[in-house]
Every structure is written in structure tokens, then in C-alpha cells.
Amino acid sequence: MSKSERPNPLFRNLNAKVASIPMILTASVVFVGGTVWTVFYSFTNSKLLPRLNFAGLDQYYRLWVTPRWLISIENLLIYGAISLVFSLVIGFLLAALLDQKIRFEDTFRTIFLYPFALSFIVTGLVWQWLLNPDFGIQHVVRDLGWTSFNFDPLYNSSIVIYGISIAALWQGTGLIMCLMLAGLRGIDEDIWKAARVDGIPMWKTYLFIVIPMMRPVFITTLVIIASGIVKVYDLVVAQTSGGPGIASEVPAKYVYDYMFFAQNLGQGFAASTMMLLSVVIVVVPWAYLEFGGRKRG
Amino acid sequence: MADPAVPLPASAGAAEREASGPRGPKPRHVFSRRNIFLYGTLIVVAVYYLLPLYVMVVTSLKGMPEIRMGNIFSPPLEITFEPWVKAWATACTGLNCDGLSRGFWNSVRITVPSVLLSIAIASVNGYALANWRFKGADTFFVILIVGAFIPYQVMIYPIVIILREIGLYGSLSGLVIVHSIFGMPILTLLFRNYFASMPEELFRAARVDGAGFWGIFLRIMAPMSLPIFVVAIILQVTGIWNDFLFGVVYTRPDTYPMTVQLNNIVNSVQGVKEYNVNMAATILTGLVPLIVYFISGKLFVRGIAAGAVKG
């Protein structure tokens, strides 16, 4: 709705202001206040309780020499790259397949999307079971006669993060497919007709005409996937609890463990500030374009 | 839906198009090569997506000896519901041995008020933002939206302190507040966009008739917004039910929601692993969101699209 034409004195719209108090409190106290508080205390050497003993960049220095944090970052990068690439590719391909005016479209869409309704804990536990080397896929394939078959991603520290990614993709590709499908449906039918008249093969039409037209959908999807990647926590807890050893640790888990188990709050705050930083770099430009600039007009 | 049968605006245009178009109505060969490829791929992918669900169900219906002997894909030779009973009523998490039932009721007592509270707040927020714009409101709204992307880890500890100060740490009410707070950004966005898309004349007319802030909301806006309320309910029920992080941070063992309890049952280190009980427990926990998903069907799709993209 366009901006109200009448100039408002301060006491006008009092009801609206009163009704917005929860929002104002949440935005300023929890979101801004909480974030600033955490960043502020990340420069202290708080242990069991938050204390105001400033230690400068000490926590950050310790963070970046801790092997567990470095592994967390490395895992996050691998997991992130896999999630981004594969969810976009698989999501788009599934959406393109469903967009071929097929029969039973609703059934297929339902099947691809249902994992998204499940929690990461449930997803993680199911895949823990499927990837269990003694009973799961490895066992089944070995029973078929291929006795040297090895597939135990959750128990092999060099590939454990890929095992977690499999579950993440199973859970999340349905959502991406849905968004892509909505995007494809927004493409004017005439584009397809024109491309067909010109004799452009279908894959070329997708690659050079349709995908560029779907740019906004891709950007939204990208932001959703990216912000999900940074938050990944439940899935790892359910599948491996960070193991074997510390091979599948992720930053979100590092933060939680240092705050609530290791009772080293300063480390937790510093680590969460690093998470914040990575998200700010991705999200703020997008949010500004999406909500900031346009609405002010 | 990009339906090919959409009538073209002008009949002249339609005729012209038909004359120049290279093909008429598509010939329907059921077993064309394209169709075999298309459906073949879709069916293979569908099997992949369904397999975990199948394995869960099958495993939960087997006895432990059968699990140790057979493979995870084989159907149970002897169907037993014992694992389900055990998962629900007697499985142990820490000190409590009353199964998932405790977590289930905790989750219910968390989800219901959280959903009601967050939707009540967010719908009023969205309404105030869309129809009663006041100075500064936009700023808070932008903070809220950006806040939705900030990793929760950054805000977890300050909230622990706040909850402790007001004496709600570890209680179900504390978690309800947390869910209402974190549900606010996306829901407010949803409602704001919905209310903004409603005809402005409606709002103006009501004002002329002397209706105030709450009058317009309760008598005109809310009753006309049933679809978006349903979408919001679906989003929140599945989201809050599936939450793990907040549950694990802000509750204590006797107030654990179902997801936390499930993880503790399955990933407990002591004792023999009872895979059938674990899978039954997993299904039980996934059941509520799955039911919501299957019942709401297209609305669920709309819900995630609305929550993910713009309403």
C-alpha cells in the first residue's frame, strides 16, 4: 500500500504503535540488542559466566588456531558447496521435468517434497540408519555378492561430511524444486512457442532464455540455501554428533558446545560472531535491494 | 499454471497464431520415447525419495533378531508393533523411562500456544505495517527481516539471560516466547504483504464509517484473510514441531520437546541399540508434520512458497 498521504502527528496511529510493541521489542531488544551484546562480549574472556574482562582479539586468535574450528569451517565450505550446487541443479531439473505437463504431477511433487516436512533430526536419524555399515546399504550390497563394497560415509572421517550432505539434499531439494517450479510457471508460455518456432532445442531454451529470466527466483533460492547452510546443526547432531572424532564438526555446533558444554562463553561468542559476519556479507546486500531501497520510494 | 489451453485474448490473434504455429494439438503417444524417459526418470527419483520412509516403516515393524539377520529393505516376515509401543511408552531418555509420550505432550504444549501467539502478534504487526504506517515502523520491519537471517547462535545466549531474569528459563512458557519471537519476521512479512494486497478502498470505507484500528482488523481484515492464516498455521506448526536447537537450549529434561527426546533416545550411548524402537520413535516424531503436510496438500506448497519468497 502506498504511503499515507496525510502527515501524521506523533500521537496519531497510537493503536498501531501499541500493537507493534512486540515487533519493536523483538527487533530492538532481541535482534539488535542480542546481537550487539554477543559481539560485545566476544571481546572478553568470559568463561562460565559473561564477564567484562576485555581480552581484545584474544578469543578470535584462539578460534583461528583451534583445529576443531578450522575443521568446522572446512566442513561448512564443503557442505555449502555441495548444497548450493546440487540443490540448485537437482531442484531445477526436477522442476523442469514436472513442468512438462505430465500426468500425476501432484503425486510426484508430493513425493519430492515430503522430506521437507520432516525435521533435520528425523532426517538425520533415518539416514544414519540407511548408512549404517553393519545393516544399511553397505551390508545389503555385500549380501548381493560384492563383498569388498565399502560405503560407510558416516564412519569414515575423510568423507563423513559428504554423508551428511546426502541427507541434507534428500531433505531440502523438494523445497528448491517447488520454488523453481513456481518460477517456471511464471515464464510466459509465448516464450516457449517463440523458441519452438525458431527451432531452438529445448535445453538451449532453458539454458539461455528461461534460466536468465528466472534470475529473481534463483537469487531468492540462493539466499535461502545459503542462510540454511550457515545454520546447519541438527542434522550433524542427529547423524554423527560431530564424529567420528571431530571430523564432522560445524560452526553452529562449535558455538553451542563452547557455550553450554565447555563453558567457555567467550569462544562461543567469538565463533558466533564469525557466523554472523559470514551471513551479513551474503544477506545485507540482498535485503537492502529487496526491502530497503524499494519501499522508501 | 502455464496451461496450453489458456484462451488467447483476441480471437483474431488466436486464429493467426494457429495458422502460423508449426504444430496443432499435441499428438498423444503414451509410449513415446520422450514419455518413457520422462516418467522413467521421475519414477526412479521418486523411489529414491520414498526409500527412507519405506525403510523406516519396515524396520519399525521387525523384531530385533530379524533386523540382525536380514537386510533393511526386506519386508518384515513377522509384523510386530512392540517397537512402537516401546518407543511411545517405555523407551528411556536419561532418567525418565516413559518413552516419547512425555516429549509428545511437551511438544503439543509448546506448539499450540506458540502458533496462536506468534500468529496473533504477526497478523496485527502486518496489519499495522500495511494499513497504519507510522514513522519508524519500516525501520523495525527491516531489522526484523534481516534478523531472520542472522544465525540464531548469535542471539541464543542473551535470550538465556533474559529468560533467566524473568524466571522462565527451562519452562515451556519460555520456549513459547522464543518461538513467537523467531516466528515473527517471516509471519509479519507474510501478513504485511497479504494485507497490502487487499483493496485500499475497503480500508478507507471502513474508516469513513468510523471503525478504528481494532474494529477494522477484527471485523474486516481478519475474516477476509482466512487463506493466509491457514498458510501461517501450517508454516508454524511444522516449523515449531520440528525445532531442535531452541528445544535443546531452553528446556530441561522434563520439558524436552519431542525432537530433543528422540535424539536422546536414538543417540544414547549406553545399552543395546534397538533399531526397530529407534525407527518407530523416528516415525512417531515425524508423524505430526507429515500429517499436516498430507492434509494441507497444496496449501503447504503455498505456505513454503509464501514463507520463502514473497507472499
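At what angle do helix α5 of chain A and helix α2 of chain B pack, and how far apart are their axes? Some notes on that and a few other spots, bearing in mind that this is a predicted model.

1. **The α5(A)/α2(B) pair.** To answer the opening question: α5 (residues 105-117) of chain A and α2 (residues 33-60) of chain B pack at about 35°, and their axes are 9 Å apart. The crossing of α5(A) past α2(B) is left-handed. On the chain A side the contact is made by Phe108(A), Ile111(A), Phe112(A), Tyr114(A) and Pro115(A). Chain B answers with Tyr39(B), Leu42(B), Ile43(B), Val45(B), Ala46(B), Tyr49(B), Leu50(B) and Leu53(B). Sorted by character, the contact residues come out as 13 nonpolar, with no polar and no charged ones.

2. **The interface as a whole.** Stepping back from that pair, 105 residues of chain B are in contact with 105 residues of chain A. About 9,500 Å² is buried between the two chains, and carbon and sulfur atoms give 74% of that. Which residues of chain B lose the most area to chain A? They are Tyr49(B), Phe149(B) and Tyr157(B), which together make up 9% of what the chain B side buries. You have already met Tyr49(B), as part of the contact between α2(B) and α5(A).

3. **Chain B overall.** Chain B has 15 helices and 0 strands. Of its 311 residues, 50% count as buried. Taking contacts in chain B between residues at least 6 apart in sequence, 70% of them join residues at least 24 apart.

4. **Helix α6 of chain B.** This helix covers residues 137-149, so its 13 residues would be expected to span 18 Å at 1.5 Å a residue. From first C-alpha to last, α6(B) reaches 19 Å, which is close to that. Its buried residues are Ala137(B), Asp138(B), Phe141(B), Leu144(B), Ile145(B), Gly147(B) and Phe149(B). An α-helix has 3.6 residues a turn, so residues three or four places apart point the same way. It's worth looking at the list of buried positions with that in mind. Phe149(B), the last one on it, is also among the three residues of chain B that lose the most area to chain A.

5. **Helix α13 of chain A.** Here 9 of the 10 residues (251-260) are buried, so the helix is mostly covered. The buried ones are Pro251(A), Ala252(A), Lys253(A), Tyr254(A), Val255(A), Tyr256(A), Asp257(A), Tyr258(A) and Met259(A). Note that Lys253(A) and Asp257(A) are on that list.

6. **Two positive phi values in chain A.** Lys101(A) isn't a glycine, yet its phi is positive, about 55°. You'll find Lys101(A) in the loop between α4 (67-98) and α5 of chain A, where it is partly exposed at 34% relative accessible area. Gln263(A) is another non-glycine with a positive phi, near 50°. Its loop runs between α13 and α14 (265-296) of chain A, and Gln263(A) is partly exposed too, with a relative accessible area of 40%.

7. **Gln261(B) and Pro257(B).** Is Gln261(B) buried or exposed? At 1% relative accessibility it falls under the 20% cut-off, so Gln261(B) counts as buried. Gln261(B) lies in helix α13 (residues 258-266) of chain B. Beyond its neighbours within four places in sequence, Gln261(B) is in contact with Thr93(B), Gly99(B), Leu100(B), Arg102(B) and Gly103(B). Pro257(B) is in the loop between α12 (245-250) and α13 of chain B, and is buried at 4% relative accessible area. With the same neighbours left out, Pro257(B) is in contact with Gly103(B), Asn106(B), Ser107(B), Ile110(B), Leu175(B), Gly247(B) and Thr251(B). Gly103(B) turns up in both sets of contacts.

8. **Helix α8 of chain A.** Ser165(A) lies in α8 (residues 160-185) of chain A and is buried, with a relative accessible area of 2%. Not counting residues up to four places away in sequence, Ser165(A) touches Tyr79(A) and Ile82(A). Cys178(A) lies in α8 of chain A as well and counts as buried at 7% relative accessibility. Its contacts, with sequence neighbours up to four places away set aside, are Arg109(A), Leu113(A), Val301(B) and Ile304(B). The C-alpha atoms of Cys178(A) and Ala81(A), 97 residues apart along the chain, are separated by 21 Å.

Terms used
Residues numbered from 1 in each chain as written. Chains lettered and ligands numbered in written order. Predicted model: local features only at pLDDT ≥ 70, side-chain atom pairs only at ≥ 80, totals over all residues. Heavy atoms only, no water. Axes fitted to C-alpha atoms, helices over the stretch in contact; angles between N-to-C directions. Helix = DSSP H or I, 4+ residues; strand = E, 2+ residues; numbered from the N terminus. Left-handed = near helix turned anticlockwise from the far one by under 90°. Contact = heavy atoms within 4.5 Å. Nonpolar A, V, L, I, M, F, W, Y, C, P; charged D, E, K, R; others polar. Buried < 20%, exposed > 50% of the residue type's maximum accessible area, 1.4 Å probe, protein only. Buried area = accessible area lost by both parts, 1.4 Å probe.
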